[in-house]
Amino acid sequence: MLIVMNAGATEPEITGVIRVIESLGFRAHPMPGATRTAIGVTGNQGAVDLSHFENLPGVAEAIRVTKPYKLITLDLRPERTVVDISGATIGDGSLAIIAGPCAVENRDQAFAVAEAVQKSGAKFFRGGAFKPRTSPYAFAGLGKQGLKILAEVRDKFGLKIVTEALDDATMDLIEEYADMIQIGARNMQNFTLLKRAGRSRLPVLLKRGMAATLEEWLLAAEYVMAEGNYQIVLCERGVRTFAQHTRNTLDLAAVPAVRRISHLPVIVDAAHGTGRSYMVTPLARAGVAVGADGIMVEVHARPDEALSDGAQSLTLEEFEQMVRELKAIHEVIA
Ligand code: PEP
Ligand code: MN
């Protein structure tokens with residue numbers, strides 16, 4: 001259920017409604033907007049009797065939600081969500097660029113990329129300390145040591161740190177060292193992890209699962225929101241298809257499709273979405289053109305020597321050139 005307050009509803013009227021929701025054993029999710037506050041209600045198994053709310057002071061309407069989503073939708077929040085990552089924003093109309101190596105390998109490697117990322121004007125640095133690898137014998141990240149290097153990157157270069165959590169224990173550590181939690185494609189339906197992220201104070205970057213429908217992906221975001229964390233950025237990173245010319249098929253139509261349903265920002269990962277470095281810049285350009293709030297790419301000073309995902313990593317020079325092109329496209333469409 002969704003309760004829409006009158007445009008002029010007062011703070012005591014809003015808290016009054018919240019109190020009634022909670023007295024029924026449900027959870028209230030107030031979303032203040034430009035013109036009015038809406039309150040999402042979760043925790044009810046069946047339909048709630050709307051008459052509990054319709055006559056409360058300040059209430060304009062109580063609406064039964066028939067769609068599978070309650071909180072991620074434009075019905076609840078017609079304005080776009082702006083996600084604040086330690087003072088840097090995604091979703092406010094600017095172009096966010098999240099760049100860095102697939103994995104943090106050592107300090108020199110991370111610093112070399114961070115310097116280029118900072119120089120380009122990008123605000124976000126990515127790098128895995130805990131890597132979900134297909135093979136148990138592949139490099140799985142430096143763990144806590146990697147997080148410490150990421151924290152040094154933040155201090156030295158002023159970049160916001162985005163890094164992947166694999167489970168509760170790694171999320172505890174990431175909360176100590178990073179600015180944004182990435183939930184990877186392989187964990188998009190790890191529901192206990194999603195709930196844990198929903199209880200975090202950090203914003204969440206939620207990648208689309210490699211075989212996930214739009215509805216499954218948005219419901220994964222709903223899991224996080226239902227626990228009270230409304231700061232989520234969705235990331236399209238390609239899905240698995242029969243195509244063999246790319247690692248994944250980057251589904252750029254997901255960007256306008258998300259926009260039509262949700263207030264959450266959506267970005268495009270052109271690295272995992274292609275798997276081939278020569279395709280990264282063209283698809284990143286397309287991501288900006290299709291209206292994404294940001295682009296994620298992988299960058300390495302020596303992609304040939306990268307311990308993971310070298311084939312889809314841009315060199316420092318290629319990255320610099322790409323950012324110039326993305327900015328030009330963004331300026332035209334903004
Ligand atoms: C990554 O960002 O390095 C990563 C593992 O991405 P995904 O979960 O999209 O495969
Ligand atoms: Mn990677």
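This is a short tour of a predicted model, stop by stop.

**Stop 1: the whole protein**

Show the protein as a cartoon. You should find 10 helices and 15 strands. Now turn the view around. The C-alpha trace spans about 65 × 45 × 40 Å along its principal axes. How does the radius of gyration fit a compact globule? With 334 residues, such a globule would have a radius of gyration near 20 Å, and the protein has 21 Å, so the two agree. Colour by burial if your viewer allows it. Buried residues make up 54% of the 334 residues.

**Stop 2: the manganese ion**

Select ligand 2, the manganese ion. Which residues coordinate it? Show the side chains of Cys-102, His-272, Glu-298 and Asp-309. The donor atoms are SG of Cys-102, NE2 of His-272, an OE of Glu-298 and an OD of Asp-309. They sit at 2.1 to 2.4 Å from the ion. Next, follow these donors along the sequence. Their spacing is C-x169-H-x25-E-x10-D. Cys-102 and Asp-309 link distant parts of the chain, 207 residues apart. Cys-102 is in the loop between strand S7 (96–100) and H3. Asp-309 is in the loop between strand S14 (294–299) and strand S15 (313–314). Is Cys-102 buried or exposed? Its relative accessible area is 3%, so Cys-102 is buried, as the cut-off is under 20%.

**Stop 3: ligand 1**

Now select ligand 1 and show the residues around it. Among them are Cys-102, His-272 and Glu-298, so keep those side chains on display. These three also coordinate the manganese ion. Other residues around ligand 1 include Lys-131, Glu-164, Gln-182, Gly-184, Arg-186 and Lys-207.

Zoom in on three polar contacts:

- Arg-126: a polar side-chain atom lies 2.7 Å from an oxygen atom of ligand 1.
- Ala-185: here a polar backbone atom is 2.7 Å from an oxygen atom of the ligand.
- Arg-237: a polar side-chain atom lies 2.6 Å from an oxygen atom of ligand 1.

Then add a surface. How much of ligand 1 does the protein bury? Taken alone, the ligand exposes 300 Å², and the protein buries 97% of that.

**Stop 4: a pair of rings**

Leave the ligands and look at aromatic side chains. The model has 2 aromatic pairs. Select Phe-111 and Phe-157 for one of them. Why is this pair called edge-to-face? The ring centres are 5.4 Å apart and the planes meet at 85 degrees; planes over 60 degrees apart count as edge-to-face, so this pair qualifies. Trace the chain from each ring. Phe-111 belongs to helix H3 (residues 107–120), and Phe-157 to helix H4 (residues 144–157). The two are 46 residues apart, so the pair links distant parts of the chain. Both rings belong to buried residues: Phe-111 has 17% relative accessibility, and Phe-157 has 10%.

**Stop 5: two last residues**

Select Tyr-278 in helix H9 (residues 277–289). Is Tyr-278 buried or exposed? Its relative accessible area is 60%, and exposed means over 50%, so Tyr-278 is exposed. Add Glu-318 to the view. It is 40 residues from Tyr-278 in sequence, and 9.5 Å away in space, C-alpha to C-alpha.

Finish at Val-65, in the loop between strand S4 (59–63) and strand S5 (83–85). Val-65 has a relative accessible area of 24%, so it counts as partly exposed. Draw a line to Ile-18. The two residues are 47 apart in sequence and 18 Å apart in space, C-alpha to C-alpha.

Definitions and conventions:
Residues numbered from 1 in each chain as written. Chains lettered and ligands numbered in written order. Predicted model: local features only at pLDDT ≥ 70, side-chain atom pairs only at ≥ 80, totals over all residues. Heavy atoms only, no water. Phe/Tyr/Trp six-rings, centres within 6.5 Å; stacked < 30°, edge-to-face > 60°. Helix = DSSP H or I, 4+ residues; strand = E, 2+ residues; numbered from the N terminus. Buried < 20%, exposed > 50% of the residue type's maximum accessible area, 1.4 Å probe, protein only. Donors = N, O, S within 2.8 Å, 3.2 Å for Na, K, Ca; no water. Near = heavy atom within 4 Å. Polar contact = N/O pair within 3.5 Å; in protein donor to acceptor, adjacent residues only side chain to side chain. Areas by Shrake-Rupley, 256 points an atom, 1.4 Å probe, with all protein chains shown as cover. Rg over C-alpha atoms; globule rule 2.2 N^0.38 Å.
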